[in-house]
Structures are given as C-alpha cells and as structure tokens.
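Dear colleague,

Please find below the structure that I am handing over to you, together with its sequence. My notes on what was found in it follow directly after.

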Amino acid sequence: MDPVFMAEVLVRLLPPLGLTILLSVTALAIATPLGLALGAWRAELPDRHPAARLIDAWVFFVRGTPILIQIFAVYFILPKLGLQPPLFVMGVGALVGNSAGYQIEIGRAAVQSVPKGQWEAALALGFDRRASLRQFILPQAARRMVGPVMNELSQLIKASSVLSVITLFELHKAAEAISSANLRFSEVIVVEGFLYFVFIFGISLIAKAVERRLSAAGGLADAGSFAR
Amino acid sequence: MSFDWAAFFEYLPRLIKAAGVTLQVSLLSLGLTCLLAPLLAMGRLLGPPPLRATVQAFIEVIRGLPPLVVIAFCYFALPKIGVVLSGFWCGVLALGVVGAVYAAEIIRSAIESLGKGQLEAALALGFARWRAVLDILLPQALRRILPPLTNEFANLIKASSLLSVISVHEISQVGQSLIFETFVVIEILVQMAVLYLIIIGGVSFLSRRLEKGLAE
C-alpha cells in the first residue's frame with residue numbers, strides 16, 4: 001500500500017464520483033415522481049384495467065431481471081431503432097426504468113397501507129373518491145414513502161456502478177481503468193470502496209434521521225436489498 | 001425489426017446451459033449466506049463489545065459498497081494476500097458474504113422485533129443469555145426471517161449477473177458474448193430476460209407459498 005499513490009487516485013476519482021452522483025440524482029429526480037404517481041394510481045385501479053396490466057408488466061420485468069439485462073436492453077435495442085443518444089442519457093434511462101419500477105411498488109404499498117377507516121371517514125364526510133385520495137389518503141401515504149425513497153438513492157448509487165459495462169466512465173469504470181493502467185488493483189479498489197462507502201453510509205445516516213423525525217409508523221422501511 | 005425464431009432456437013441451448021451455472025453459483029452462495037448470516041447476527045447480538053463493534057462495522061462497510069466492488073475486491077485484491085480463487089469460487093465468496101450481511105440484518109431485526117419481554121422472561125426463568133436467544137427467541141423469529149430470506153435468494157440470483165465481469169460463464173456473460181459474436185441482439189436479449197424471469201419468478205412463487213404456509 002502506497003499512500004502517495006492512493007492520494008493521487010483519490011483526487012483522480014473525484015470527477016467520476018461526481019458523475020456517479022449526477023447519474024443517480026438525475027435518475028432519482030425523474031423516477032420518483034413518475035414511479036410514486038403511477039404507484040398511487042395503480043393502487044386505485046382494478047386489476048383488470050389495461051393500464052394496471054401495463055404497470056404490473058413493467059414492475060414484473062424490472063423486479064424479475066437483473067439491472068444488467070435492463071442496461072443491455074437500452075444499450076443494444078435503442079441503436080436498432082435508429083436512436084443513438086449519448087451514453088449518459090442511456091445510463092439515466094436505464095436507471096429511471098429500473099428505479100421507477102421499484103418506486104411504483106413503494107407508492108402502491110404506501111397508499112394501500114393507509115387504514116380503510118380513513119377512506120370510509122372521508123367518503124362519509126361527503127368527499128368524492130378523488131378528493132378523499134388527495135386530501136386524506138395521500139398526505140398520510142406520503143410520510144410512509146419518505147424512508148423508502150431515500151433508501152432508493154443509495155440503491156441507485158450502487159446500481160449505477162453496473163453502468164460500467166457500457167463503458168460509462170462513472171466511479172467504478174474509472175477505478176477499473178486506473179487500476180488496469182497501473183496494474184495496482186488493491187490500492188485503487190480500497191480508494192474506490194472508501195468513496196462509495198462514505199456516500200452511501202452518509203445517505204443512510206441522513207435517511208435514518210429524517211425517518212425518526214417523521215416517525216413514519218407502518219414499517220415500510222426495509223433493510224434494503226443489495227441487488228437490482 | 002423482425003423476430004428470428006431460427007436464431008432463437010439455435011442459441012437457446014447455450015443459454016440454458018449458462019442458466020445452470022447461474023443456478024449453481026446462486027445456490028452455493030445461498031449456502032454460504034445461510035452459514036455466515038447467523039454467525040454475524042449472533043456476534044452482533046451476543047458477542048462481547050469489541051466483537052459486536054467489529055461485526056457491526058463489517059456489516060456497515062459491505063452494505064455501503066456496490067456488490068460489483070466487492071466482487072472486484074475478491075477477484076483482484078485477495079490474490080495480493082495469497083488467496084487465489086477461480087472466477088466461479090470468487091463469485092460464490094463475494095455473493096455469499098454480501099448476502100450474509102443483509103441476511104444478518106434481517107435476523108437481527110426479526111429478533112429485536114419480538115420485544116424485550118421475551119428475553120426478560122427467559123432470563124427471569126434462569127436461562128443463560130445465549131440459551132434464551134437460541135432456544136426462545138430464534139424459533140419465534142424464524143417465521144419472520146424465512147419470507148424475507150427467500151427474497152434475498154432472488155437478489156442473489158440477480159446479483160450473479162454481475163459475475164459476468166469476472167468471466168463466470170453464467171447467463172449474462174454467455175448472452176453478452178453471443179451478442180458480440182453474432183450480432184443477433186433482440187432474440188438473445190429476450191432469452192436472457194425470459195430465463196431470469198423464470199428462475200426469479202419461480203423463487204418468488206415458492207417464497208409466497210412458504211409465507212402462506214407459515215401464516216397458517
């Protein structure tokens with residue numbers, strides 16, 4: 001272990017870390033409103049509705065295949081359709097498709113976890129379904145979404161490392177390139193791991209603090225999972 | 001863009017063989033997970049303070065890393081300290097350890113969710129602390145552990161796709177090299193997706209059955 005080399009690597013990995021964060025944050029900013037809205041809508045749709053089937057199929061595909069396959073699908077199929085967007089757009093697109101699929105489930109579970117009595121009370125007070133949903137159910141459901149959505153950001157940072165397979169120079173790809181150019185694998189991996197860890201651990205600390213303040217009961221926050 | 005069924009069936013056998021490798025590597029790492037996770041959970045719940053802190057730090061570090069980084073670490077950094085593993089066994093080790101860390105958290109939170117009363121009652125009855133955990137708390141926690149644990153198995157299968165970067169010949173690696181070899185894109189991508197959907201769908205079907213069985 002050579003501390004000077006590692007310090008050098010740390011400096012060189014900062015711009016790729018920025019790209020990793022930009023990718024994840026952009027994807028989250030698009031996927032969260034999309035996924036949560038679709039999920040809340042899906043909670044209200046009957047199972048046989050065509051839109052419900054479409055949403056279910058999306059969730060089934062996203063949760064039933066590794067993110068690597070979803071990235072390949074974007075990377076190989078778009079050019080076949082005559083589209084050649086920049087890698088960054090493809091990467092964000094793959095992450096959005098993936099994350100929205102998981103967030104649909106977050107939104108749906110949050111809406112469905114609001115006790116039935118809340119619906120009945122709102123309807124009994126003379127609000128129609130739409131108004132009940134907007135004024136009574138969604139505000140309660142929103143609190144339960146906060147924890148899982150913050151967790152989603154660290155999931156996206158982890159998932160964005162897989163974009164290295166389409167030669168997008170985010171943190172993992174850059175680290176890989178530096179280590180194979182210098183043939184010093186362990187030192188670079190330690191620095192790379194340190195950067196990922198600081199970020200993901202930091203986010204999880206913030207998420208825990210926010211959740212404690214909202215004290216969103218309902219047990220929707222899970223330990224998180226490691227694979228997409 | 002038309003679908004070429006002839007190409008679809010030509011390459012199918014190779015991908016089915018690769019699906020066997022995916023299953024093998026996932027099952028072996030599940031085995032390692034089941035071996036390590038209880039040890040980590042017990043170390044964190046029952047160990048002396050220094051052990052507890054070490055285990056907790058290990059869990060937090062692995063949880064803070066993308067699985068791809070753990071895989072790369074096992075493959076590139078472990079040989080430096082004399083541990084040389086083939087891609088396959090390196091994958092089993094990396095996925096097994098990552099899976100164990102998440103599973104240990106599942107076990108811990110299940111035991112903690114039982115409430116303090118159970119432990120206090122057992123201690124008051126004169127059980128030693130470790131006997132109370134093993135004989136009283138763990139059997140009760142098991143019902144809450146099994147369903148999320150099967151879910152972790154589905155995650156292991158998905159994560160096994162990452163082993164394509166260390167050239168383990170599982171579905172993703174074989175599919176990717178077939179695409180570059182033949183330029184048959186859609187048909188092979190569909191095969192890869194369908195094979196994963198079948199395997200992961202099967203696992204989550206079993207997990208739902210198990211959950212229903214335990215609820216009764």
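I begin with a charged residue of chain B: Arg131(B) has a relative accessible area of 38% and is therefore partly exposed. Please bear in mind throughout that this is a predicted model. The partner of Arg131(B) is Asp135(B), with which it forms a salt bridge whose closest N and O atoms are 2.7 Å apart. Asp135(B) is likewise partly exposed, its relative accessible area being 36%. The two residues sit four positions apart in helix H6 (residues 129-160) of chain B, which means that about one helical turn separates them. A network is also present in chain B, where salt bridges with shared partners link Arg44(B), Glu105(B), Arg108(B) and Glu112(B).

Salt bridges across the sequence

Over all chains, the search of the whole structure returned 13 salt bridges. One of them joins the side chains of Arg228(A) and Glu152(A), at 3.0 Å from N to O. Because Arg228(A) belongs to the segment after H8 of chain A and Glu152(A) to helix H6 (residues 129-160) of chain A, this pair ties together parts that are 76 residues apart in sequence. Arg228(A) and Glu152(A) are both buried.

In chain B, Glu181(B) and Arg14(B) form a salt bridge, with 3.9 Å between the closest N and O atoms. Glu181(B) is part of helix H7 (residues 171-182) of chain B and Arg14(B) is part of helix H1 (residues 5-46) of chain B, so the pair ties together parts that are 167 residues apart in sequence. Glu181(B) has 52% relative accessibility and therefore counts as exposed, whereas Arg14(B), at 43%, counts as partly exposed.

Helix H7 of chain A

Helix H7 (residues 171-182) of chain A has 12 residues, which at 1.5 Å a residue should span 16 Å; the C-alpha atoms at its ends are 17 Å apart, in agreement with that value. At the start of H7(A), a side-chain oxygen of Glu170(A) comes to within 3.0 Å of the backbone nitrogen of His172(A). Just after the helix, Leu183(A) adopts a positive phi of about 55 degrees.

Which residues of H7(A) are buried? They are Leu171(A), His172(A), Lys173(A), Ala174(A), Ala175(A), Ile178(A) and Ser179(A). Their cover includes helix H1 (3-44) and helix H8 (185-214) of chain A, as well as helix H3 (67-77) of chain B.

Chain B as a whole

Chain B contains eight helices and zero strands, and its pattern along the sequence reads α-α-α-α-α-α-α-α. The C-alpha trace of chain B spans about 70 × 50 × 20 Å along its principal axes. Of the 216 residues in chain B, 51% are buried. Among contacts in chain B with a separation of 6 or more, 77% come from residues 24 or more positions apart.

The exposed area of chain B is about 10300 Å², of which carbon and sulfur atoms supply 68%. On the surface, Leu28(B), Ile81(B), Val83(B), Leu85(B) and Trp89(B) form a nonpolar patch, and together they have about 460 Å² of accessible area. Trp89(B), a member of this patch, lies in helix H4 (residues 87-112) of chain B. Its relative accessibility is 45%, so Trp89(B) counts as partly exposed.

With kind regards

Definitions and conventions: Residues numbered from 1 in each chain as written. Chains lettered and ligands numbered in written order. Predicted model: local features only at pLDDT ≥ 70, side-chain atom pairs only at ≥ 80, totals over all residues. Heavy atoms only, no water. Patch = residues over 30% accessible without salt bridge, like charges linked within 9 Å, V, L, I, M, F, W, Y side chains within 5 Å. Areas by Shrake-Rupley, 256 points an atom, 1.4 Å probe, with all protein chains shown as cover. Salt bridge = Lys/Arg side-chain N within 4 Å of Asp/Glu carboxyl O. Buried < 20%, exposed > 50% of the residue type's maximum accessible area, 1.4 Å probe, protein only. Expected span 1.5 Å × (residues − 1). Contact = heavy atoms within 4.5 Å. Polar contact = N/O pair within 3.5 Å; in protein donor to acceptor, adjacent residues only side chain to side chain.
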